[in-house]
Amino acid sequence: MPSRQSDIDKLLLCTTISSLGVPSGPRTLDTTQALIKEELKNRLIHEGIGRGADIPLKNSIFYKLVLKTTLKLCDIKTIQYDKTGPSAYSGGKWNFRSRRKQIKCTHGTKYVDDSTEDKGAEGQDTEGQDTEGKDTEGKDTEGKDTEGDEDGDIDVNEAEIKGKGLGVELSYDSVIPGQSESETWDSQEYRPSGSKKRRRQVPVKTTEKEFQCLFYTIQYHLRHKLKPHLSFNIALGSWYWSAEFSTSPIPDEYNSQKPDIALFDFAIQKVEKTWADVLSFVEHTSSDLAKKQDIPVFWGSTIKAYLIMRDQPWRRFVVGFSVCANQLHAHYFDRSGLIISHPFHIHKNTGPIRLAEMLGTLTLSDSHHLGFDPTMHMCNTACLGTHSNLAHGARGWVKDNHDNIYSIMEVLWKSHGLFCCGTVCYRVIDEAGNEYALKDCWVTEEKRNHETTILEMVKGIPNVIQFMDHWDVCYEGEPDCTAHIRSQYDTDHWDNLTFCNRFHRRILLFPCGQPLSKFSSRRELLTAFHAFVVAHQMMIEKRVLHGDLSPNNFVIHNGIGYFINFDHASILVEGTTSTYSHGTGTMLYISIRILQAMLDLVLPEANANIPDQDANLDDVNDIRADDIDVSKNIDVGENTDVGENIDFVLQDANAPQDADVLQNVTAGMHLIEHRPSDDLESLFYIFFEFVVKYGGPHGQLAPTWSRQTLPWASAVGTTNRVEGKYKLLQSWVFATCCLT
C-alpha cells in the first residue's frame with residue numbers, strides 16, 4: 001500500500017507541487033522534462049497531424065508569426081556570400097558555406113599541409129585575402145573604402161566583420177564564436193623546426209555554423225539589397241544569430257541546454273549570456289518531425305522555450321523554429337499551449353522564401369514579433385541605466401491604458417510555469433515617487449475580474465492588501481488574450497484539446513511589501529500572525545474565504561503583515577459558512593480533512609482501474625495543477641457556491657479532461673467542502689514552519705534547517721500524505737519550545 005499511496009499523491013499533485021518553505025531539490029533536466037510532458041498533454045496543436053490534420057495551409061500559424069514580403073525565387077537567387085561568389089541559393093537548394101572566421105577551433109583538430117592551399121595562381125601566399133586582393137579583415141589592398149557603399153555592392157564577409165551587415169558600428173569579429181579581435185589565423189599556425197611549409201589547424205565544421213553563416217548572409221541582403229521587398233520598416237537596434245552554444249550549453253545552474261542557433265541582441269554580444277538574453281532559437285535535425293513527434297528536437301525546443309519564459313516571464317509568447325529533415329516548422333508557445341506549424345521545405349517550392357521571411361521577421365522587424373509586450377520594457381545589461389525619464393535604479397518600465405509610466409524597480413516574484421497564469425509581481429514607482437506592487441498575470445475568462453471583485457469586498461479590513469487600479473493589457477487596440485492567434489482554428493470541435501483562453505491582466509496594489517520571512521523581530525512575527533487570525537475572521541464576516549494560504553500569500557510592510565493573492569478566494573453564499581470546490585490550496589498547507597476528502601474521491605476508483613499494480617501517472621492524461629510553479633495551488637476546477645445543483649462538468653483548462661481513470665471517478669463525484677477552519681489549520685502549518693525554519697530576523701535560517709538534520713525531516717518527507725500532517729501536529733511541542 002505505501003507504494004500505491006505514493007502514486008496517488010503524485011496523481012493529486014501531478015509532480016508539480018512542492019513548497020518554497022521546505023528545502024527543495026533543483027529543477028533539473030529530468031524534472032523539467034517530466035513537468036513539461038505533463039503540461040503538454042492535450043495542449044498541443046500540430047498542424048497537419050492528429051487533431052490538426054484538417055487545418056489548411058492558408059490558416060497556418062506560420063503566416064500569423066512571419067511577415068509576408070514581395071520576395072520571389074528570382075530575388076532569393078541574388079543572395080550571395082560575397083559579391084563575386086556564386087549565389088547562396090542555386091541548383092534548387094541552399095548552398096552552405098563555412099567561412100574561416102566563423103568557425104571555432106576546438107581541441108582535437110587536425111593539422112594539414114597547406115603549402116599549396118594558401119597559395120594563389122602564381123604561388124603567392126594569399127591567406128587573409130580574397131581572390132580580388134581584398135584583405136578579409138576589412139582592409140582594401142588597393143586603398144578603396146567600401147564601408148560607405150550604400151547600395152550593398154560589397155562582400156558580405158567584409159560587411160559583417162565591420163558590423164555593417166547588421167546595421168551597427170561595432171566590430172563584428174567578437175560576434176564570431178571562438179574568434180576574438182586579437183586572435184588571427186596566423187597565430188594558430190604551426191611551423192615545425194627546419195620546415196619551410198606552414199601547417200595550420202583545420203577547424204571542425206558543424207552544420208550549425210553553416211546555418212549561422214547562411215542566416216547572416218540572408219539577413220544582410222534583406223537589410224540592404226532586398227529591403228524594398230519588405231512590408232515593414234526595419235526596427236532600430238540589431239539582432240544576430242549565433243551558434244556559439246551549439247557545442248557548449250548556455251550557463252544555467254541546473255538545466256544544461258545547447259540551442260543550435262540562438263538569436264541575441266548585438267548590444268550584449270560581449271557579455272556573458274543566460275536564458276534571459278535569448279530572443280529566439282532554431283533547432284536542426286535530420287529526423288522528420290512530421291513522422292515522429294517524440295524526437296529530441298521536439299522536447300529540446302519545448303524545454304528551451306520553458307527556460308526562456310522562466311527567465312523572461314514578461315513575454316507574451318516565445319517563438320522558435322526547427323529545421324527537421326530540411327522542413328521548416330514554427331514552434332509557438334504561450335500561456336495556453338504549444339502550436340507547431342505546417343512545414344516548408346527550405347530548398348523547394350516557396351520554402352526558400354518562407355525561410356528568408358522568417359529571418360527577416362525575427363531579425364529586422366519590431367521586437368513584439370518576438371513576443372515582447374509593447375506596453376512594457378525590461379532592460380538588458382546594455383540599456384540598464386540609460387532611461388533618463390525613469391526612477392534611479394529602474395530595471396524597466398510599464399505603462400497602463402492611460403499612458404501613465406511606472407518604473408520597474410525589481411521583480412518580486414515570478415511563476416515558473418509554461419502553460420499557466422504566468423504571474424509576475426513587480427515593485428514599481430509612479431512618476432510622483434509612490435511605490436506599489438504590480439501583479440501581471442494571464443487569467444481565464446471566469447477569473448478575469450475575480451480578484452478585484454474580492455479585494456473590493458474586503459476593502460477597509462486591516463492587514464489585507466488594497467488594489468489601486470486594474471486593467472486589461474491591450475495589444476493592437478484589443479484586450480490581449482491567447483485566443484486571438486487561434487481564431488482561425490475550430491477548437492470547439494476538438495474534444496481532446498484542453499484549450500483555455502487566458503486574458504492578460506495587471507493589478508496595481510498597495511502597499512508593496514516584502515516576503516513574510518523578512519520579519520525584523522520575533523515580536524513582529526507573532527504580531528503578524530495574530531493579526532492574520534483577526535483579519536481572517538473579518539473576511540469571513542464579509543463572506544470571503546481566502547482558500548489558498550501559504551507563505552507566499554503573505555507580505556510584511558513597515559512591521560505589518562498583509563494577506564495577498566486572492567486568485568482562488570471564494571465568496572460565501574449568504575447564510576452559509578463554507579464553500580465547495582474541486583479542492584484548492586497549496587499542498588503542504590492543505591488541511592487534513594480536505595486532503596482526506598481528495599484521496600477518498602480518487603483512490604477507490606483508481607484502485608479498481610489498476611488492480612494488482614501500482615497506479616501509474618502516465619495513465620492519467622490531464623490531472624494537473626494550475627501552475628507548474630511550486631507555490632501555486634492544485635485548483636482543478638472552478639469554485640462553486642452552495643445551494644446550486646452541481647453537475648460535475650469539466651469546463652476549465654485546469655480541470656482533468658479526457659482522463660480514462662478519472663472520467664469514471666468523476667461521474668457523480670461530490671465537490672469538496674472548504675470551511676474557515678481549514679484556512680486556520682493552514683495558517684497553523686505556516687506558523688509552525690516559520691518557527692522551526694528561521695533562527696532570527698530578516699530571513700536568517702535556523703542552524704539545523706536542512707532535510708538531513710531537522711528533527712521533523714521524516715514528517716516533511718510524508719507531508720504529501722495525510723499521515724504526514726499528523727506527524728506535524730505531533731511536533732507542536734517542538735514548536736512551542738522554540739518560542740520560549
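This is a selection-by-selection tour of the structure above.

The model is predicted, so local features need pLDDT of at least 70 and side-chain atom pairs count only at pLDDT 80 or more, while totals for chains, interfaces and linings use all residues. Residues are numbered from 1 along each chain as its sequence is written, and side-chain values use heavy atoms, without hydrogens and water.

**Stop 1: the main core.** Select W94, F321, L355 and M358. Of the 95 residues in the largest nonpolar core, these four touch the most other members. A nonpolar core is a set of buried Ala, Val, Leu, Ile, Met, Phe, Trp, Tyr and Cys residues joined through side-chain atoms within 4.5 Å. Buried means under 20% relative accessible area, exposed over 50%, and partly exposed in between (1.4 Å probe, protein chains only). Now add helix α7, residues 296-311: its nine residues are the largest share of this core. Helices (H or I, at least four residues) and strands (E, at least two) are DSSP runs, numbered from the N terminus.

Center on F321. Its contacts (heavy atoms within 4.5 Å) include F62, V66, F281, L328, M358 and L362, leaving aside neighbours within four places in sequence.

**Stop 2: two enclosed helices.** Select α8, residues 351-364. Its 14 residues reach 19 Å from first C-alpha to last, close to the 20 Å expected. The expected span is 1.5 Å times one less than the number of residues. All 14 of the 14 residues of α8 are buried, so the helix is largely enclosed by the rest of the structure.

Move to α6, residues 207-223. The end C-alpha atoms of this 17-residue helix are 24 Å apart, which agrees with the expected 24 Å. Here 15 of the 17 residues are buried, so α6 is also largely enclosed.

**Stop 3: a strand pair.** Select β7, residues 239-242. W239 and W241 point one way, Y240 and S242 the other, and all are buried. Add β8, residues 261-265: four bridges join it to β7, and the two run antiparallel. Strands pair if DSSP finds at least two bridges between them. Y240 has F264 as its bridge partner in β8.

**Stop 4: a loop serine.** Select S517, in the loop between β23 (514-515) and α10 (522-541). S517 is buried at 13% relative accessible area. It touches F690, Y694, H698 and G699, not counting residues up to four places away in sequence.

**Stop 5: cysteines.** Count disulfides, meaning pairs of cysteine sulfur atoms within 2.5 Å. The count is zero. For C383, the nearest cysteine sulfur, that of C379, is 3.6 Å away. C383 is buried, at 18%.
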